[in-house]
Amino acid sequence: MRKSFDTLLHYLDVTGQEIKMAFMTMIEYPSNIAGWFISNPLQFIMGFAIIKFVVESFGEINGWNYGQLAFLYGLSVISHALSMIFFVQGWFMGWFVIEGDFDRYLTRPLGVLYQFFFTNINIFGITDLIPGVIVFIYGCAKSGVTVSFLFIVQVIIMLIGATFIRGGIYIFLGSTSFHTRSAVDFGQYTQEIMDKTTMYPMSMYPESMQFILTYLIPIGWVSFYPVSSLLGIDNGLSGGMTTAFITLAVGLLVMFLAGAFFNSGLKKYESAGN
Amino acid sequence: MKKYLYIIKTQIIKSMTYEFNVYGNIIMQTIIMITSAYFWRALYTGRSVVDGVDVGSMQTYIIISSALSVLLITNVERRIGSSVEKGSVATDMMKPINLFGMFLAEDIGSIIALIFQNMLPILLIGSLMIKLPVMADIRDLPMLVISVIESFLINWLIAALFGMMAFTTINNNALIQVKKHLIRLLSGSIIPIWFFPKSVSKVLSALPFVYIYQLPLSIYIGKGDRTEMIFQMRIQFIWLVILSALFFYAQSRITRKVMVQGG
(Lines give C-alpha, C1' and ligand atoms only; values in the text may rest on other atoms or scores of the structure.)
Protein backbone atom coordinates (compact mmCIF):
# COMPACT_ATOMS: atom_id res chain seq x y z
CA MET A 1 0.00 0.00 0.00
CA ARG A 2 2.66 2.44 1.08
CA LYS A 3 4.83 1.46 -1.83
CA SER A 4 2.18 2.13 -4.42
CA PHE A 5 1.45 5.45 -2.70
CA ASP A 6 5.12 6.36 -3.04
CA THR A 7 5.07 5.40 -6.71
CA LEU A 8 2.06 7.61 -7.25
CA LEU A 9 3.78 10.53 -5.55
CA HIS A 10 6.85 9.94 -7.68
CA TYR A 11 4.76 10.00 -10.87
CA LEU A 12 3.06 13.22 -9.76
CA ASP A 13 6.43 14.79 -9.04
CA VAL A 14 7.73 13.80 -12.48
CA THR A 15 4.54 15.08 -14.11
CA GLY A 16 5.06 18.46 -12.43
CA GLN A 17 8.58 18.64 -13.81
CA GLU A 18 7.39 17.60 -17.28
CA ILE A 19 4.78 20.32 -17.34
CA LYS A 20 7.37 22.86 -16.27
CA MET A 21 9.64 21.78 -19.10
CA ALA A 22 6.75 21.81 -21.56
CA PHE A 23 6.14 25.44 -20.65
CA MET A 24 9.78 26.24 -21.27
CA THR A 25 9.73 24.59 -24.71
CA MET A 26 6.53 26.46 -25.42
CA ILE A 27 8.16 29.86 -25.00
CA GLU A 28 11.19 28.87 -27.08
CA TYR A 29 9.67 30.23 -30.27
CA PRO A 30 7.50 33.29 -29.57
CA SER A 31 6.03 33.34 -33.07
CA ASN A 32 4.85 29.80 -32.49
CA ILE A 33 2.78 30.78 -29.46
CA ALA A 34 1.12 33.50 -31.51
CA GLY A 35 0.55 31.00 -34.30
CA TRP A 36 -1.20 28.49 -32.04
CA PHE A 37 -3.31 31.16 -30.42
CA ILE A 38 -4.49 32.17 -33.88
CA SER A 39 -4.78 28.82 -35.60
CA ASN A 40 -6.75 26.78 -33.10
CA PRO A 41 -9.44 29.30 -32.11
CA LEU A 42 -9.70 30.21 -35.81
CA GLN A 43 -10.39 26.60 -36.67
CA PHE A 44 -13.24 26.29 -34.20
CA ILE A 45 -14.75 29.69 -34.79
CA MET A 46 -14.89 28.92 -38.52
CA GLY A 47 -16.14 25.40 -37.84
CA PHE A 48 -18.88 26.76 -35.64
CA ALA A 49 -19.79 29.44 -38.18
CA ILE A 50 -20.16 26.71 -40.79
CA ILE A 51 -22.65 24.84 -38.59
CA LYS A 52 -24.63 28.05 -38.25
CA PHE A 53 -24.64 28.53 -42.03
CA VAL A 54 -25.70 24.93 -42.62
CA VAL A 55 -28.58 25.33 -40.18
CA GLU A 56 -29.58 28.56 -41.92
CA SER A 57 -29.61 26.85 -45.33
CA PHE A 58 -31.13 23.52 -44.32
CA GLY A 59 -33.10 24.24 -41.15
CA GLU A 60 -32.94 21.76 -38.28
CA ILE A 61 -30.50 18.89 -38.69
CA ASN A 62 -32.36 15.67 -37.94
CA GLY A 63 -34.57 17.41 -35.44
CA TRP A 64 -31.71 19.15 -33.65
CA ASN A 65 -32.07 22.90 -33.49
CA TYR A 66 -29.29 25.48 -33.51
CA GLY A 67 -28.95 25.74 -29.73
CA GLN A 68 -28.69 21.98 -29.31
CA LEU A 69 -26.10 21.77 -32.09
CA ALA A 70 -24.05 24.52 -30.41
CA PHE A 71 -24.19 22.54 -27.17
CA LEU A 72 -23.06 19.38 -28.98
CA TYR A 73 -20.28 21.23 -30.78
CA GLY A 74 -19.02 22.86 -27.58
CA LEU A 75 -18.85 19.62 -25.63
CA SER A 76 -17.17 17.89 -28.56
CA VAL A 77 -14.51 20.61 -28.86
CA ILE A 78 -13.77 20.51 -25.13
CA SER A 79 -13.12 16.77 -25.17
CA HIS A 80 -11.09 17.25 -28.35
CA ALA A 81 -9.00 19.89 -26.58
CA LEU A 82 -8.40 17.66 -23.56
CA SER A 83 -7.36 14.80 -25.81
CA MET A 84 -5.03 17.21 -27.62
CA ILE A 85 -3.35 18.16 -24.36
CA PHE A 86 -2.77 14.64 -23.08
CA PHE A 87 -2.89 12.25 -26.02
CA VAL A 88 -1.98 14.07 -29.22
CA GLN A 89 1.36 12.26 -29.31
CA GLY A 90 -0.52 9.15 -30.37
CA TRP A 91 -0.83 10.74 -33.81
CA PHE A 92 2.95 10.77 -34.17
CA MET A 93 3.69 7.38 -32.64
CA GLY A 94 4.62 6.01 -36.05
CA TRP A 95 7.59 8.35 -36.33
CA PHE A 96 8.77 7.40 -32.85
CA VAL A 97 8.66 3.77 -33.95
CA ILE A 98 10.52 4.11 -37.24
CA GLU A 99 13.09 6.52 -35.83
CA GLY A 100 13.75 4.35 -32.77
CA ASP A 101 12.77 7.02 -30.25
CA PHE A 102 11.23 4.50 -27.85
CA ASP A 103 14.76 3.41 -26.85
CA ARG A 104 14.98 6.37 -24.50
CA TYR A 105 11.76 5.49 -22.73
CA LEU A 106 12.50 1.79 -22.47
CA THR A 107 15.69 2.42 -20.51
CA ARG A 108 13.94 4.46 -17.83
CA PRO A 109 12.11 3.04 -14.81
CA LEU A 110 8.73 4.66 -15.49
CA GLY A 111 5.88 3.31 -17.63
CA VAL A 112 6.61 3.68 -21.33
CA LEU A 113 3.16 4.93 -22.25
CA TYR A 114 3.22 7.41 -19.38
CA GLN A 115 6.58 8.77 -20.51
CA PHE A 116 5.51 8.87 -24.13
CA PHE A 117 2.54 11.09 -23.40
CA PHE A 118 3.83 13.21 -20.55
CA THR A 119 7.33 13.92 -21.85
CA ASN A 120 5.66 15.62 -24.76
CA ILE A 121 2.63 17.03 -23.00
CA ASN A 122 1.06 19.52 -25.32
CA ILE A 123 0.31 22.68 -23.34
CA PHE A 124 -0.81 24.38 -26.56
CA GLY A 125 -3.99 22.31 -26.35
CA ILE A 126 -5.26 25.12 -24.12
CA THR A 127 -5.80 27.12 -27.29
CA ASP A 128 -8.39 24.50 -28.29
CA LEU A 129 -9.94 24.51 -24.84
CA ILE A 130 -10.75 28.22 -24.74
CA PRO A 131 -12.98 28.33 -27.85
CA GLY A 132 -14.53 25.03 -26.77
CA VAL A 133 -15.56 26.40 -23.39
CA ILE A 134 -16.89 29.60 -24.97
CA VAL A 135 -19.04 27.70 -27.48
CA PHE A 136 -20.20 25.31 -24.77
CA ILE A 137 -21.36 28.15 -22.51
CA TYR A 138 -23.08 29.75 -25.51
CA GLY A 139 -24.72 26.40 -26.29
CA CYS A 140 -25.91 26.04 -22.68
CA ALA A 141 -27.56 29.43 -22.90
CA LYS A 142 -29.09 28.79 -26.35
CA SER A 143 -30.41 25.31 -25.63
CA GLY A 144 -31.96 26.42 -22.37
CA VAL A 145 -30.61 23.70 -20.05
CA THR A 146 -30.71 24.35 -16.34
CA VAL A 147 -27.19 24.34 -14.99
CA SER A 148 -27.30 22.64 -11.63
CA PHE A 149 -24.62 21.02 -9.50
CA LEU A 150 -25.65 17.59 -10.78
CA PHE A 151 -25.38 18.85 -14.36
CA ILE A 152 -21.80 20.04 -13.83
CA VAL A 153 -20.81 16.73 -12.24
CA GLN A 154 -22.37 14.85 -15.16
CA VAL A 155 -20.54 17.02 -17.70
CA ILE A 156 -17.20 16.50 -15.98
CA ILE A 157 -17.60 12.72 -15.78
CA MET A 158 -18.67 12.60 -19.43
CA LEU A 159 -15.72 14.72 -20.49
CA ILE A 160 -13.29 12.38 -18.74
CA GLY A 161 -14.89 9.43 -20.50
CA ALA A 162 -14.91 11.19 -23.88
CA THR A 163 -11.27 12.21 -23.55
CA PHE A 164 -10.33 8.60 -22.76
CA ILE A 165 -12.24 7.36 -25.81
CA ARG A 166 -10.47 9.81 -28.10
CA GLY A 167 -7.08 9.12 -26.47
CA GLY A 168 -7.63 5.37 -26.71
CA ILE A 169 -8.40 5.63 -30.42
CA TYR A 170 -5.24 7.68 -31.03
CA ILE A 171 -3.15 5.13 -29.12
CA PHE A 172 -4.78 2.30 -31.01
CA LEU A 173 -4.13 3.84 -34.43
CA GLY A 174 -0.60 4.85 -33.47
CA SER A 175 0.21 1.37 -32.19
CA THR A 176 -0.50 -0.15 -35.59
CA SER A 177 2.90 1.27 -36.54
CA PHE A 178 4.62 -1.38 -34.41
CA HIS A 179 3.14 -4.05 -36.65
CA THR A 180 3.40 -2.27 -39.98
CA ARG A 181 6.78 -0.58 -39.36
CA SER A 182 5.63 2.56 -41.03
CA ALA A 183 4.37 5.97 -40.06
CA VAL A 184 1.04 7.16 -41.35
CA ASP A 185 -0.20 10.63 -40.56
CA PHE A 186 -3.57 9.51 -39.25
CA GLY A 187 -3.99 12.76 -37.37
CA GLN A 188 -5.72 14.76 -40.02
CA TYR A 189 -7.96 11.90 -41.12
CA THR A 190 -8.87 10.98 -37.55
CA GLN A 191 -9.77 14.56 -36.84
CA GLU A 192 -11.90 14.83 -39.93
CA ILE A 193 -13.81 11.65 -39.11
CA MET A 194 -14.21 12.76 -35.50
CA ASP A 195 -15.48 16.17 -36.64
CA LYS A 196 -18.15 14.60 -38.82
CA THR A 197 -19.29 12.10 -36.22
CA THR A 198 -19.05 14.09 -32.98
CA MET A 199 -19.99 17.60 -34.04
CA TYR A 200 -23.25 16.61 -35.74
CA PRO A 201 -25.97 14.36 -34.33
CA MET A 202 -25.02 10.77 -35.09
CA SER A 203 -28.68 9.88 -35.66
CA MET A 204 -28.44 11.45 -39.13
CA TYR A 205 -26.34 8.52 -40.31
CA PRO A 206 -27.78 5.14 -41.36
CA GLU A 207 -28.50 2.46 -38.75
CA SER A 208 -25.54 0.29 -39.72
CA MET A 209 -23.13 3.16 -39.22
CA GLN A 210 -24.73 4.07 -35.90
CA PHE A 211 -24.29 0.48 -34.79
CA ILE A 212 -20.57 0.57 -35.64
CA LEU A 213 -20.13 3.93 -33.92
CA THR A 214 -21.91 2.70 -30.80
CA TYR A 215 -20.44 -0.74 -30.27
CA LEU A 216 -17.34 -1.27 -32.42
CA ILE A 217 -15.65 2.15 -32.53
CA PRO A 218 -17.50 3.88 -29.70
CA ILE A 219 -17.24 7.43 -31.09
CA GLY A 220 -20.95 7.88 -30.40
CA TRP A 221 -20.12 8.04 -26.70
CA VAL A 222 -17.76 10.98 -27.20
CA SER A 223 -20.55 13.48 -27.61
CA PHE A 224 -23.77 12.18 -29.14
CA TYR A 225 -25.10 9.97 -26.34
CA PRO A 226 -23.92 12.19 -23.47
CA VAL A 227 -25.44 15.29 -25.06
CA SER A 228 -28.70 13.51 -25.92
CA SER A 229 -29.00 12.51 -22.29
CA LEU A 230 -28.12 15.98 -20.98
CA LEU A 231 -30.59 17.70 -23.29
CA GLY A 232 -33.26 15.06 -22.81
CA ILE A 233 -33.42 14.09 -26.49
CA ASP A 234 -35.09 10.73 -26.74
CA ASN A 235 -32.90 7.89 -27.94
CA GLY A 236 -33.75 5.15 -25.49
CA LEU A 237 -31.21 6.25 -22.89
CA SER A 238 -32.19 7.16 -19.37
CA GLY A 239 -31.12 10.56 -18.10
CA GLY A 240 -29.39 11.19 -14.82
CA MET A 241 -26.05 9.76 -13.87
CA THR A 242 -26.42 6.45 -15.74
CA THR A 243 -25.29 7.79 -19.10
CA ALA A 244 -22.42 9.68 -17.49
CA PHE A 245 -21.12 6.51 -15.89
CA ILE A 246 -21.61 4.46 -19.06
CA THR A 247 -19.52 7.07 -20.92
CA LEU A 248 -16.81 6.85 -18.31
CA ALA A 249 -16.89 3.03 -18.39
CA VAL A 250 -16.65 2.99 -22.18
CA GLY A 251 -13.72 5.43 -21.96
CA LEU A 252 -11.88 3.27 -19.43
CA LEU A 253 -12.53 0.14 -21.50
CA VAL A 254 -11.23 1.74 -24.71
CA MET A 255 -8.18 3.04 -22.86
CA PHE A 256 -7.51 -0.37 -21.34
CA LEU A 257 -7.79 -2.17 -24.70
CA ALA A 258 -5.63 0.44 -26.42
CA GLY A 259 -3.02 0.12 -23.68
CA ALA A 260 -2.98 -3.65 -24.09
CA PHE A 261 -2.61 -3.28 -27.85
CA PHE A 262 0.22 -0.80 -27.33
CA ASN A 263 2.03 -3.17 -24.98
CA SER A 264 1.67 -6.09 -27.36
CA GLY A 265 3.07 -3.86 -30.09
CA LEU A 266 5.94 -2.72 -27.91
CA LYS A 267 7.08 -6.35 -27.64
CA LYS A 268 7.61 -6.29 -31.41
CA TYR A 269 9.54 -3.03 -31.21
CA GLU A 270 13.11 -3.41 -32.34
CA SER A 271 14.45 0.13 -32.58
CA ALA A 272 15.96 1.65 -35.68
CA GLY A 273 18.96 -0.16 -37.10
CA ASN A 274 22.19 1.77 -37.27
CA MET B 1 15.30 20.02 -66.53
CA LYS B 2 16.93 16.60 -66.38
CA LYS B 3 17.85 17.20 -62.74
CA TYR B 4 14.23 17.89 -61.84
CA LEU B 5 12.99 14.81 -63.69
CA TYR B 6 15.52 12.78 -61.72
CA ILE B 7 14.18 14.18 -58.44
CA ILE B 8 10.63 13.35 -59.52
CA LYS B 9 11.67 9.79 -60.32
CA THR B 10 13.45 9.34 -56.97
CA GLN B 11 10.44 10.71 -55.13
CA ILE B 12 8.08 8.28 -56.91
CA ILE B 13 10.28 5.37 -55.88
CA LYS B 14 10.43 6.70 -52.30
CA SER B 15 6.64 6.94 -52.15
CA MET B 16 6.28 3.32 -53.17
CA THR B 17 8.37 2.04 -50.24
CA TYR B 18 5.77 1.90 -47.52
CA GLU B 19 2.91 -0.26 -48.61
CA PHE B 20 0.84 0.06 -45.47
CA ASN B 21 0.61 3.84 -45.82
CA VAL B 22 -1.24 3.31 -49.04
CA TYR B 23 -3.87 1.00 -47.57
CA GLY B 24 -4.17 3.11 -44.43
CA ASN B 25 -4.77 6.26 -46.44
CA ILE B 26 -7.31 4.60 -48.73
CA ILE B 27 -9.27 3.20 -45.79
CA MET B 28 -9.34 6.51 -43.93
CA GLN B 29 -10.25 8.52 -47.01
CA THR B 30 -13.01 6.05 -47.89
CA ILE B 31 -14.51 6.41 -44.42
CA ILE B 32 -14.43 10.21 -44.70
CA MET B 33 -15.95 10.14 -48.18
CA ILE B 34 -18.79 7.81 -47.24
CA THR B 35 -19.53 9.73 -44.04
CA SER B 36 -19.73 12.94 -46.08
CA ALA B 37 -22.05 11.32 -48.61
CA TYR B 38 -24.44 10.24 -45.85
CA PHE B 39 -24.07 13.64 -44.26
CA TRP B 40 -25.40 15.35 -47.38
CA ARG B 41 -28.06 12.72 -47.90
CA ALA B 42 -29.34 13.40 -44.36
CA LEU B 43 -29.26 17.17 -44.85
CA TYR B 44 -31.23 16.85 -48.07
CA THR B 45 -34.03 14.69 -46.61
CA GLY B 46 -37.30 16.31 -47.56
CA ARG B 47 -35.68 18.80 -49.94
CA SER B 48 -34.83 18.19 -53.56
CA VAL B 49 -32.85 21.28 -54.51
CA VAL B 50 -31.04 23.71 -52.19
CA ASP B 51 -29.30 26.75 -53.69
CA GLY B 52 -29.60 25.27 -57.17
CA VAL B 53 -27.86 21.99 -56.33
CA ASP B 54 -29.52 18.61 -55.85
CA VAL B 55 -28.34 15.73 -53.68
CA GLY B 56 -26.90 13.75 -56.59
CA SER B 57 -24.63 16.62 -57.62
CA MET B 58 -23.58 17.05 -54.01
CA GLN B 59 -22.51 13.42 -53.83
CA THR B 60 -20.54 13.77 -57.04
CA TYR B 61 -19.00 16.88 -55.46
CA ILE B 62 -17.89 14.84 -52.43
CA ILE B 63 -16.34 12.03 -54.49
CA ILE B 64 -14.45 14.40 -56.78
CA SER B 65 -13.41 16.54 -53.81
CA SER B 66 -11.86 13.46 -52.16
CA ALA B 67 -10.05 12.60 -55.38
CA LEU B 68 -8.91 16.18 -55.92
CA SER B 69 -7.56 16.40 -52.37
CA VAL B 70 -4.93 13.85 -53.40
CA LEU B 71 -3.57 16.27 -56.01
CA LEU B 72 -3.43 19.02 -53.44
CA ILE B 73 -1.14 17.35 -50.93
CA THR B 74 1.96 19.46 -50.43
CA ASN B 75 5.01 18.81 -48.38
CA VAL B 76 6.95 21.94 -49.26
CA GLU B 77 5.96 23.84 -46.11
CA ARG B 78 7.10 21.05 -43.77
CA ARG B 79 10.18 20.49 -45.91
CA ILE B 80 11.28 24.12 -45.58
CA GLY B 81 10.35 24.11 -41.90
CA SER B 82 12.44 21.10 -41.01
CA SER B 83 15.39 22.09 -43.18
CA VAL B 84 15.53 25.53 -41.53
CA GLU B 85 15.04 24.13 -38.05
CA LYS B 86 17.68 21.44 -38.42
CA GLY B 87 20.03 23.71 -40.38
CA SER B 88 20.21 21.38 -43.36
CA VAL B 89 19.00 24.33 -45.43
CA ALA B 90 22.66 25.32 -45.75
CA THR B 91 23.58 22.14 -47.61
CA ASP B 92 20.32 22.23 -49.55
CA MET B 93 21.19 25.69 -50.83
CA MET B 94 24.66 24.60 -51.89
CA LYS B 95 23.21 22.12 -54.36
CA PRO B 96 23.48 23.23 -57.98
CA ILE B 97 19.72 23.41 -58.31
CA ASN B 98 17.05 25.89 -57.34
CA LEU B 99 15.88 25.15 -53.80
CA PHE B 100 12.19 25.65 -54.50
CA GLY B 101 12.41 23.94 -57.86
CA MET B 102 13.66 20.92 -55.97
CA PHE B 103 10.76 21.07 -53.51
CA LEU B 104 8.26 21.42 -56.35
CA ALA B 105 9.77 18.43 -58.15
CA GLU B 106 9.54 16.38 -54.94
CA ASP B 107 5.89 17.27 -54.48
CA ILE B 108 5.10 16.46 -58.10
CA GLY B 109 6.83 13.10 -57.69
CA SER B 110 4.79 12.18 -54.62
CA ILE B 111 1.60 13.24 -56.35
CA ILE B 112 2.29 11.10 -59.41
CA ALA B 113 2.71 8.11 -57.12
CA LEU B 114 -0.43 9.08 -55.17
CA ILE B 115 -2.57 9.29 -58.30
CA PHE B 116 -2.14 5.55 -58.71
CA GLN B 117 -1.99 4.65 -55.02
CA ASN B 118 -4.86 6.81 -53.79
CA MET B 119 -6.78 8.79 -56.32
CA LEU B 120 -7.82 5.99 -58.68
CA PRO B 121 -8.80 3.59 -55.85
CA ILE B 122 -10.87 6.35 -54.23
CA LEU B 123 -12.65 7.15 -57.48
CA LEU B 124 -13.37 3.46 -57.95
CA ILE B 125 -14.65 2.95 -54.40
CA GLY B 126 -16.74 6.12 -54.64
CA SER B 127 -18.34 5.00 -57.90
CA LEU B 128 -19.14 1.58 -56.50
CA MET B 129 -20.36 2.57 -53.05
CA ILE B 130 -21.90 6.01 -53.53
CA LYS B 131 -22.68 6.77 -57.15
CA LEU B 132 -20.97 7.10 -60.47
CA PRO B 133 -19.55 10.64 -60.49
CA VAL B 134 -20.48 11.67 -64.02
CA MET B 135 -19.33 15.05 -65.21
CA ALA B 136 -22.26 17.38 -65.88
CA ASP B 137 -21.11 18.64 -69.26
CA ILE B 138 -18.20 16.93 -70.99
CA ARG B 139 -17.59 20.01 -73.16
CA ASP B 140 -16.29 21.78 -70.04
CA LEU B 141 -13.41 19.32 -69.83
CA PRO B 142 -10.71 21.71 -71.15
CA MET B 143 -11.84 24.30 -68.59
CA LEU B 144 -11.72 21.67 -65.87
CA VAL B 145 -8.17 20.62 -66.76
CA ILE B 146 -6.93 24.21 -66.81
CA SER B 147 -8.62 25.08 -63.55
CA VAL B 148 -7.22 21.97 -61.83
CA ILE B 149 -3.69 22.82 -62.93
CA GLU B 150 -4.13 26.38 -61.72
CA SER B 151 -5.62 25.22 -58.45
CA PHE B 152 -2.65 22.91 -57.91
CA LEU B 153 -0.26 25.82 -58.51
CA ILE B 154 -2.21 28.23 -56.25
CA ASN B 155 -2.27 25.63 -53.51
CA TRP B 156 1.45 24.95 -53.87
CA LEU B 157 2.34 28.63 -53.89
CA ILE B 158 0.31 29.29 -50.73
CA ALA B 159 2.05 26.33 -49.07
CA ALA B 160 5.46 27.57 -50.18
CA LEU B 161 4.75 31.10 -48.95
CA PHE B 162 3.68 29.80 -45.55
CA GLY B 163 6.74 27.57 -45.53
CA MET B 164 9.04 30.52 -46.26
CA MET B 165 7.91 32.17 -43.07
CA ALA B 166 10.11 29.58 -41.37
CA PHE B 167 13.10 31.64 -42.43
CA THR B 168 12.00 34.39 -40.06
CA THR B 169 10.16 32.44 -37.39
CA ILE B 170 12.45 29.33 -37.36
CA ASN B 171 9.57 27.10 -36.28
CA ASN B 172 6.56 27.20 -38.60
CA ASN B 173 4.44 24.33 -37.27
CA ALA B 174 1.67 26.60 -36.06
CA LEU B 175 1.63 28.59 -39.28
CA ILE B 176 1.25 25.36 -41.24
CA GLN B 177 -1.82 24.65 -39.14
CA VAL B 178 -3.24 28.11 -39.86
CA LYS B 179 -2.83 27.47 -43.57
CA LYS B 180 -4.33 24.00 -43.32
CA HIS B 181 -7.48 25.24 -41.58
CA LEU B 182 -7.88 28.21 -43.90
CA ILE B 183 -7.84 25.92 -46.92
CA ARG B 184 -9.92 23.19 -45.30
CA LEU B 185 -12.76 25.44 -44.21
CA LEU B 186 -12.73 28.32 -46.69
CA SER B 187 -12.07 26.50 -49.94
CA GLY B 188 -15.38 24.68 -50.11
CA SER B 189 -13.64 21.32 -49.82
CA ILE B 190 -16.07 20.19 -47.10
CA ILE B 191 -19.01 22.56 -47.41
CA PRO B 192 -19.32 24.65 -50.59
CA ILE B 193 -19.50 28.35 -49.88
CA TRP B 194 -22.73 28.78 -51.85
CA PHE B 195 -24.48 27.49 -48.71
CA PHE B 196 -22.99 30.39 -46.72
CA PRO B 197 -24.82 33.71 -46.34
CA LYS B 198 -24.47 36.02 -49.36
CA SER B 199 -22.19 38.55 -47.64
CA VAL B 200 -19.80 35.86 -46.39
CA SER B 201 -19.61 34.07 -49.71
CA LYS B 202 -18.92 37.39 -51.46
CA VAL B 203 -15.93 38.01 -49.20
CA LEU B 204 -14.70 34.45 -49.66
CA SER B 205 -14.89 34.60 -53.45
CA ALA B 206 -12.44 37.50 -53.32
CA LEU B 207 -9.93 35.29 -51.49
CA PRO B 208 -7.80 32.68 -53.28
CA PHE B 209 -9.02 29.67 -51.28
CA VAL B 210 -12.26 28.93 -53.16
CA TYR B 211 -10.31 28.73 -56.39
CA ILE B 212 -8.40 25.74 -55.01
CA TYR B 213 -11.33 23.36 -54.51
CA GLN B 214 -14.64 24.88 -55.28
CA LEU B 215 -14.03 26.21 -58.78
CA PRO B 216 -12.91 22.93 -60.40
CA LEU B 217 -15.65 21.08 -58.51
CA SER B 218 -18.34 23.54 -59.63
CA ILE B 219 -17.20 23.10 -63.21
CA TYR B 220 -17.40 19.35 -62.76
CA ILE B 221 -20.95 19.31 -61.38
CA GLY B 222 -22.06 22.09 -63.74
CA LYS B 223 -23.03 24.64 -61.11
CA GLY B 224 -23.74 28.00 -62.72
CA ASP B 225 -23.61 28.86 -66.41
CA ARG B 226 -20.55 29.15 -68.60
CA THR B 227 -20.14 32.93 -68.39
CA GLU B 228 -20.04 32.65 -64.60
CA MET B 229 -17.41 29.90 -64.79
CA ILE B 230 -15.25 31.91 -67.17
CA PHE B 231 -15.54 34.93 -64.89
CA GLN B 232 -14.39 32.82 -61.93
CA MET B 233 -11.53 31.35 -63.94
CA ARG B 234 -10.33 34.87 -64.64
CA ILE B 235 -10.20 35.59 -60.92
CA GLN B 236 -8.38 32.30 -60.43
CA PHE B 237 -5.80 33.34 -62.99
CA ILE B 238 -5.38 36.76 -61.37
CA TRP B 239 -4.71 35.04 -58.03
CA LEU B 240 -2.19 32.75 -59.67
CA VAL B 241 -0.32 35.79 -61.01
CA ILE B 242 -0.46 37.65 -57.68
CA LEU B 243 0.76 34.63 -55.71
CA SER B 244 3.56 33.89 -58.21
CA ALA B 245 4.74 37.50 -57.97
CA LEU B 246 4.68 37.29 -54.18
CA PHE B 247 6.52 34.00 -54.32
CA PHE B 248 9.36 35.23 -56.54
CA TYR B 249 9.70 38.41 -54.50
CA ALA B 250 9.81 36.46 -51.23
CA GLN B 251 12.26 33.95 -52.70
CA SER B 252 14.76 36.63 -53.65
CA ARG B 253 14.45 38.28 -50.26
CA ILE B 254 14.44 35.21 -48.09
CA THR B 255 17.52 33.40 -49.33
CA ARG B 256 19.61 36.38 -48.30
CA LYS B 257 18.74 36.12 -44.65
CA VAL B 258 19.29 32.45 -43.91
CA MET B 259 20.24 31.77 -40.34
CA VAL B 260 21.58 28.36 -39.48
CA GLN B 261 20.84 27.08 -36.02
CA GLY B 262 23.66 25.47 -34.11
CA GLY B 263 26.24 26.28 -36.79
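**Exercise 1.** Among contacts in chain A between residues at least 6 apart in sequence, what percentage join residues at least 24 apart?

*Solution.* Start with the term: two residues are in contact if their C-beta atoms, placed from the backbone, lie within 7 Å. With the pairs at least 6 apart picked out, 82% turn out to join residues at least 24 apart.

A word on the ground rules. This is a predicted model, where local features need pLDDT of at least 70 and side-chain atom pairs count only at pLDDT 80 or more, while totals for chains, interfaces and linings use all residues. Residues are numbered from 1 along each chain as its sequence is written, and chains are lettered from A in the order in which they are written.

**Exercise 2.** Work out the secondary structure of chain A.

*Solution.* Helices (H or I, at least four residues) and strands (E, at least two) are DSSP runs, numbered from the N terminus. Go through chain A and you get 12 helices and zero strands.

**Exercise 3.** What share of chain A counts as buried?

*Solution.* Buried here means 20 or more other C-beta atoms within 10 Å of the residue's own, with C-beta atoms placed from the backbone. Of the 274 residues, 40% pass.

**Exercise 4.** Describe the side of chain B that touches chain A.

*Solution.* First, the head count: 31 residues of chain B are in contact with 32 of chain A. Next, helix 2 (19-43) and helix 9 (173-186) of chain B each supply at least two residues of that side. Helix 2 of chain B gives the largest share, 14 residues.

Conventions
A residue is buried if 20 or more other C-beta atoms lie within 10 Å of its own, exposed if 12 or fewer, and partly exposed in between; C-beta atoms are placed from the backbone.
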